[in-house]
Amino acid sequence: MSRIDPAYLVGLDIDGTIVTHEGELLAPVRAAVQRTVSAGHHVVIATGRSVLGALPVLGALGLDRGYAVCSNGAVTITLDPELPSGYEIVEAVTFDPRPALELLRGSWPDAVVAVEDLGVGFKVSAPFPEDLEGVVTVVPWEELMAEPVTRVTFHSPTGTSEDFTKLAAAIGLHGVNYAVGFSAWLDINPEGVSKGSALELIRRQLRVQPMHTMTVGDQRNDIEMLRWAARGVAMGNAPREVKAVADEITGDVYDGGLAMVLATLPGVGPGTLEAS
């Protein structure tokens, strides 16, 4: 496939966009991402996952060079197969988690808190009800607040996303950037940091014109990057408020909605083997 010019910066969420909620990567989606790279576009994963959580998906997609945005924009890495770990952290933005954690403490009966231990895993207030990437260590509450972190995650197995949206508003989180996830999952990042802010820094580094940017996502932590891009695309499975900020809406993740929209980029096309 010939490489096109100008190349686009294409920012892609992982969960609910590239992979289904069960973690399945559909063959047509993988093929479409590979055609997008072959056409010369800059495909940049932009995810709420940690670096350790993003690496398996990057590997499955065959992405071993370029950039990736992790931890909702707080961590940016460059990919290089010649490095021992296959990547290098080029930026990690941290913040003092104490003010937010003091507000959250005791605000939801069965909530569990995790702070990211960059490149290692997570420190948690109690055994986490869902899998986290890397080494997970239960520590006293005070240790969660002991040093700056890239992200705080607040999660409950009994709440809903609507519950946590109301909770965040009620306790008055200030001086941070936060997003409520698919379930009762509240991610807190440094103020001003988002997937969109990280992608803007990458855009400048790659010297891509703003008009040649596209992002695709499905959740509230994608809102900033959908607004940032010249072409922000919401998945068909996205909540109403995410679709409201998008320029357009593609198909559901289970129908390969990402493959549909990638096929519209210059030089990509629908391919010939997507039914296989």
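**Close-up views of a predicted model**

Two bridges link strand β2 (residues 42–46) with strand β3 (residues 66–70), and the two strands run parallel. The model shown in every view is predicted.

**View 1. Strands β2 and β3 within an open sheet of eight strands.** Two bridges hold the parallel pair β2 and β3 together. Ala-46 has Val-69 of β3 as its bridge partner. The strand order across the sheet is β5-β4-β3-β2-β1-β12-β13-β14. Pairing in this sheet is mixed. The edges are β5 (87–92) and β14 (248–249), each paired on one side only.

**View 2. Helix α1 (residues 27–38) and its buried side.** The helix has twelve residues. From first C-alpha to last, α1 reaches 16 Å, close to the 16 Å expected at 1.5 Å a residue. Val-29, Ala-32, Val-33, Arg-35 and Thr-36 are buried in α1. These residues lie on the same side of α1 because they cover an arc of only 160 degrees around the axis. In general, an α-helix has 3.6 residues a turn, so residues three or four places apart point the same way. What do the buried residues of α1 pack against? Their partners are β1 (9–12), β2, α2 (51–61) and α9 (257–262). Just after α1, Gly-40 has a positive phi of about 105 degrees.

**View 3. The second largest pocket, lined in part by α1, β2 and β3.** Its volume is about 210 Å³. The lining of this pocket has 14 residues. Of these, Val-37, Val-43, Leu-63, Arg-65 and Gly-66 are the closest to the pocket centre. Each of α1, β2 and β3 supplies at least two lining residues. Which element gives the most to the lining of the second largest pocket? Strand β2 does, with three residues.

**View 4. Ser-71 and Asn-72 in the loop between β3 and β4.** Most residues other than glycine have a negative phi. Ser-71 has a positive phi, near 50 degrees, and is not a glycine. Asn-72 is not a glycine either, yet its phi is positive at about 60 degrees. The loop that holds Ser-71 leads to β4 (75–79). Are these two loop residues buried or exposed? The cut-off for buried is under 20% relative accessible area. Ser-71 has 0% relative accessibility, so Ser-71 counts as buried. Asn-72 has a relative accessible area of 4%, so Asn-72 is buried too.

**View 5. The largest cavity, with Asn-72 in its lining.** The model has three cavities of 30 Å³ or more. The largest cavity has a volume of about 60 Å³. Asn-72, from the loop between β3 and β4, is one of its lining residues. Also in the lining are Asn-177, Tyr-178, Ala-179, Asp-187, Asn-189, Val-193, Ser-194, Lys-195, Asn-221 and Glu-224. Strands β10 (176–180) and β11 (185–190) each supply at least two residues of this lining. How many residues does β10, which gives the most, contribute to the lining of the largest cavity? The contribution of β10 is three residues.

Methods
Residues numbered from 1 in each chain as written. Predicted model: local features only at pLDDT ≥ 70, side-chain atom pairs only at ≥ 80, totals over all residues. Heavy atoms only, no water. Pairing = 2+ DSSP bridges. Helix = DSSP H or I, 4+ residues; strand = E, 2+ residues; numbered from the N terminus. Expected span 1.5 Å × (residues − 1). Buried < 20%, exposed > 50% of the residue type's maximum accessible area, 1.4 Å probe, protein only. Arc of directions from axis to C-beta. Contact = heavy atoms within 4.5 Å. 1 Å grid on protein atoms, 1.4 Å probe; cavity = no way out; pocket = protein on both sides within 12 Å on 5 of 7 lines; lining within 4 Å. Points joined across faces, edges and corners; volume = space filled by probe spheres on them.
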